[in-house]
Amino acid sequence: MVYPIVKYGQPVLEKPCAEITDFDSEELHKLIEDMFESMYAAKGVGLAAPQIGIGKRIAVIDISTGEDPGQKLVLINPEIIDTQGAQTSEEGCLSLPSFREPVTRAQKVTVRAKDATGKDFEMTGEGLLARAFLHETDHLNGTLYITHISPLKRDLIRRKIRKLQKADEW
Ligand SMILES: [Zn+2]
């Protein structure tokens, strides 16, 4: 099932999400499937559960955008355990459609998380994957990428969004 993407302004996007403790539930596996489906439908490379209105610590990532099934990643209760270097490139978010801003992030990031079966794993990614680890883990902590840009640019985006909201176009 494809969920609609929750847009900036909804409180669920700015609240820390709840840890997952039950890995045997049919509901969890269905949710993960639906998250991949929703992410591909929206043409994203990552999606966090709050972006479909669910305040749980689950994110899915596929930087191949569905081209390579080997790159499908599920991060449950993820934690960033190491960061190295820096990279700056444009970042966007499905919850802030049509906006993109340069964001400086670590170049190399190690994440610790549980997979869909509840097994712990660690993974190190560089470049876009490192960026996705940080962006999605941020989401689960209630943080959006616009937190990492200048206050001036952030206010500008907020003002544009308020206008769109008034016009019922958000
Ligand atoms: Zn996002």
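Here is a friendly conversation about the structure above.

Colleague: Which pLDDT do local features need here?

Modeller: This is a predicted model, in which side-chain atom pairs count only at pLDDT 80 or more, totals for chains, interfaces and linings use all residues, and local features need pLDDT of at least 70. Residues are numbered from 1 along each chain as its sequence is written, and side-chain values use heavy atoms, with hydrogens and water left out.

Colleague: Which residues coordinate the zinc ion?

Modeller: Donors are N, O and S atoms within 2.8 Å of the metal (3.2 Å for Na, K and Ca), and sites may look incomplete because water is not among the atoms. In sequence, the spacing of the donor residues is C-x41-H-x3-H. At 2.0 to 2.3 Å, the zinc ion is coordinated by Cys93 (SG), His135 (NE2) and His139 (NE2).

Colleague: In which helix do histidine 135 and histidine 139 lie?

Modeller: Helices are DSSP runs of H or I with at least four residues, strands are runs of E with at least two, and both are numbered from the N terminus. The two histidines, 135 and 139, are four residues apart, about one turn of the helix. Both are buried, where buried means under 20% relative accessible area, exposed over 50% and partly exposed in between (1.4 Å probe, protein chains only). Histidine 135 and histidine 139 lie in helix α2 (residues 128-140).

Colleague: Why does the pair of phenylalanine 36 and tyrosine 40 count as stacked?

Modeller: Rings of Phe, Tyr and Trp (its six-membered ring) pair if their centres lie within 6.5 Å; planes under 30 degrees apart count as stacked, over 60 as edge-to-face and the rest as tilted. The structure holds two aromatic pairs. In the pair of phenylalanine 36 and tyrosine 40, the ring centres are 6.1 Å apart and the planes are at 25°, so the pair is stacked.

Colleague: Is phenylalanine 36 buried or exposed?

Modeller: Its partner tyrosine 40 is partly exposed, at 28% relative accessibility. The charged end of lysine 72 sits over the ring of phenylalanine 36, 4.5 Å from its centre; this term asks for NZ of Lys or CZ of Arg within 6 Å of the ring centre and within 35 degrees of the ring normal. With a relative accessibility of 7%, phenylalanine 36 counts as buried.

Colleague: What does glutamate 101 meet in a salt bridge?

Modeller: A salt bridge is a side-chain nitrogen of Lys or Arg within 4 Å of a carboxyl oxygen of Asp or Glu. The side chain of glutamate 101 meets that of lysine 153 at 3.5 Å, N to O. This pair links distant parts of the chain, 52 residues apart: strand β5 (residues 100-105) holds glutamate 101, and helix α3 (residues 151-166) holds lysine 153. The partner of glutamate 101 is thus lysine 153.

Colleague: How many salt bridges does the structure hold?

Modeller: One of them joins aspartate 155 and arginine 158, with the closest N and O atoms 3.7 Å apart. Aspartate 155 and arginine 158 both lie in helix α3, three residues apart. Salt bridges that share partners also join Glu91, Arg105, Arg131 and Asp138 into one network. The number of salt bridges in the structure is 11.

Colleague: Which strands stand at the edges of the open sheet?

Modeller: Two strands pair if DSSP finds at least two bridges between them. The five strands have the order β1-β2-β3-β6-β7, with antiparallel pairing. Each edge strand has a single partner, so one side of each is left without a neighbour in the sheet; these strands are β1 (46-48) and β7 (120-126).
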